[in-house]
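Here are a few notes to help you find your way around this structure. Please have a look at it first, and then read on.

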6 protein chains.
Amino acid sequence: MKSTSNERFERGLNNLNKIDGEAGINVINSLKNISPDLGQYIIEFAFGDIYNRPALDLKSREIATIAALTTLGNATPQLKVHIKAALNIGCTQQEIIEVILQMSVYAGFPAALNGTFAAQEVFEECK
Amino acid sequence: MKSTSNERFERGLNNLNKIDGEAGINVINSLKNISPDLGQYIIEFAFGDIYNRPALDLKSREIATIAALTTLGNATPQLKVHIKAALNIGCTQQEIIEVILQMSVYAGFPAALNGTFAAQEVFEECK
Amino acid sequence: MKSTSNERFERGLNNLNKIDGEAGINVINSLKNISPDLGQYIIEFAFGDIYNRPALDLKSREIATIAALTTLGNATPQLKVHIKAALNIGCTQQEIIEVILQMSVYAGFPAALNGTFAAQEVFEECK
Amino acid sequence: MKSTSNERFERGLNNLNKIDGEAGINVINSLKNISPDLGQYIIEFAFGDIYNRPALDLKSREIATIAALTTLGNATPQLKVHIKAALNIGCTQQEIIEVILQMSVYAGFPAALNGTFAAQEVFEECK
Amino acid sequence: MKSTSNERFERGLNNLNKIDGEAGINVINSLKNISPDLGQYIIEFAFGDIYNRPALDLKSREIATIAALTTLGNATPQLKVHIKAALNIGCTQQEIIEVILQMSVYAGFPAALNGTFAAQEVFEECK
Amino acid sequence: MKSTSNERFERGLNNLNKIDGEAGINVINSLKNISPDLGQYIIEFAFGDIYNRPALDLKSREIATIAALTTLGNATPQLKVHIKAALNIGCTQQEIIEVILQMSVYAGFPAALNGTFAAQEVFEECK
């Protein structure tokens, strides 16, 4: 990691810890042998740049992310990390389920169903 | 339209008016000759059922919808209607741009770029 | 569930039973604790409203649904439910395989391959 | 075009003419200078191989294709060609609108809306 | 299989063997009972027609395919077959990881993450 | 723009100029009033970080990008910018058409058709 990145990396790691907690750190660690730079870019760009911006509160950011990942439909591991993140930063289970339910209108019922089952798995793990 | 739908339809029409305003009514009107029942289902299900639920405030709902439609990438007309809706119900231009910017992380930069240009068109129309 | 929904719900439950059979009921039941309203909307809107419309026979509807779910590519559980549904309402295994094969033209060979393997699992379960 | 392809090509061209009519031939012609082999493969594989198979009637094939292209959401020119094709081989306007309406369940309302407006354009051109 | 297809089929089978090796043959074999014609079309069209064209070297073709399958996000089994193919025809592990990493820009970080984990599984199997 | 970003920004701007030329600069300029930070992140992350990495030559990178954008199907403006970029850095028109043609196998014929027509527009503009 180049020294000029240090500030963004430190800031990103703090945000990752605060938002995603252990689940986020696990993702970065799982990249260590196969593509460590992908992990570095996620920390620097996603968490050091984007999630650090003051223009939107963290709860709104997680609502947007859960909506996006439910809509994509092929990003279940990332959806589960962000459902945990949403709980971490103060969303209720009901609010998360509600965002996913709303996606039935825009992405169809299969996306809403699969998002809901992902949430159920996370809620059960967090019990 | 069947009489048993009346309550959901009335409620949905009120919500559509409040949230999407003229842009939403225009969509329903544009369906009149080709598929009026699609318009009815949008009013009843999307606005009478989903947007009527108390579990999430309207601002959070519009943030989720803008995230979803930016991610889809092929729903520009609907994204523009909901960018107007977001302004209607109190989102700032900066917040809308910020949600779309965040989608670069999850859906890639092309989706974020095209969403941003859709927002620019709406903001210019609303001047 | 609100009383005004009763007629659509009853109609939808009958259609769900007739079309999807046990597999459909299982989906609704699996939502009971996590998002029962999503289950209710699937019954009311998908099966009470849409699948109840006389403008298209059930076989054509299931062909359209199998085409759509194969194309989406990220809705395997729902594709499997509708492959069972297609068999229930009189499609042959050969017709189902043929619709999925045709999707190679529009959605590419990976979508057709994954749809085909989903069908194989369903056919083996139904033996 | 290689001589070994002749039989599939002739068969495909006949099917393309019968199914898509002038709209299909226009697509092939529009490829002449930029990618003629893409046109040849569409004739040979899509229309010479797939649409030639007896396991599914043409009406069912067009229903499946309209469902797939509405679901994709980013293939409007191809959707319009196949809406014309569906009319050519005996689907009614109502059946086409109904297939697209059903896609609201699986691909969401934006996909159904944009498919419906594509159909409206085709129906108006065909008046 | 019709006799007129023989030349394309033979050519395709040779290419499939050379490019995808055992993993490709396994896919074709797994289709034998459920949809053998899908296997035949993959051999004839994908490997007999497309991969046989001289306009692009095999390494560039595999880079394009890995980019496409990472972007799709719902074609993990096919992505793994083509990661193996890329290794077979001379791509390094580093080049494959790099193509997948680049997809973070166009398809978002979840697609890049899931593509990376697919590559890790293949690399471990190939040890 | 924060001073700590300077090095990545300068490097990215140089790469953007070298690879995308005027078309790339136009994209960044078009963001100036609506979302300048999105333009900055594209320069810093896409062109300063990713396209600066030595692990893959620029030609392979553009082949991967054209494959990804053709597959996405909803990113035509970005596809056109990268078709110009591919020409800039030494791809031939035939190679670009060939990559897009190959996408018929993985993303279906509509994606290949729409990618081909995008290429035709770029080639005509560049005459």
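1. A good place to begin is the pair C and D. A turn of 180° with a shift of 0.0 Å along the axis lays chain C on chain D with an RMSD of 0.0 Å, where copies are superposed by least squares on the C-alpha atoms of residues with pLDDT of at least 70 in both. The two copies are thus related as by a two-fold rotation axis. Both copies use the same surface, as 100% of the contact residues of chain C recur in chain D.

2. Before going further, a word on the source. This is a predicted model, in which local features need pLDDT of at least 70 and side-chain atom pairs count only at pLDDT 80 or more, while totals for chains, interfaces and linings use all residues. Residues are numbered from 1 along each chain as its sequence is written, and chains are lettered from A and ligands numbered from 1 in the order in which they are written.

3. Now the contact itself. Chain C and chain D bring 24 residues each (two residues are in contact if their C-beta atoms, placed from the backbone, lie within 7 Å). On the side of chain C that touches chain D, α3 (36–50), α4 (58–72) and α6 (93–107) each supply at least two residues (helices are DSSP runs of H or I, at least four residues, numbered from the N terminus). The most comes from α4(C), with ten residues.
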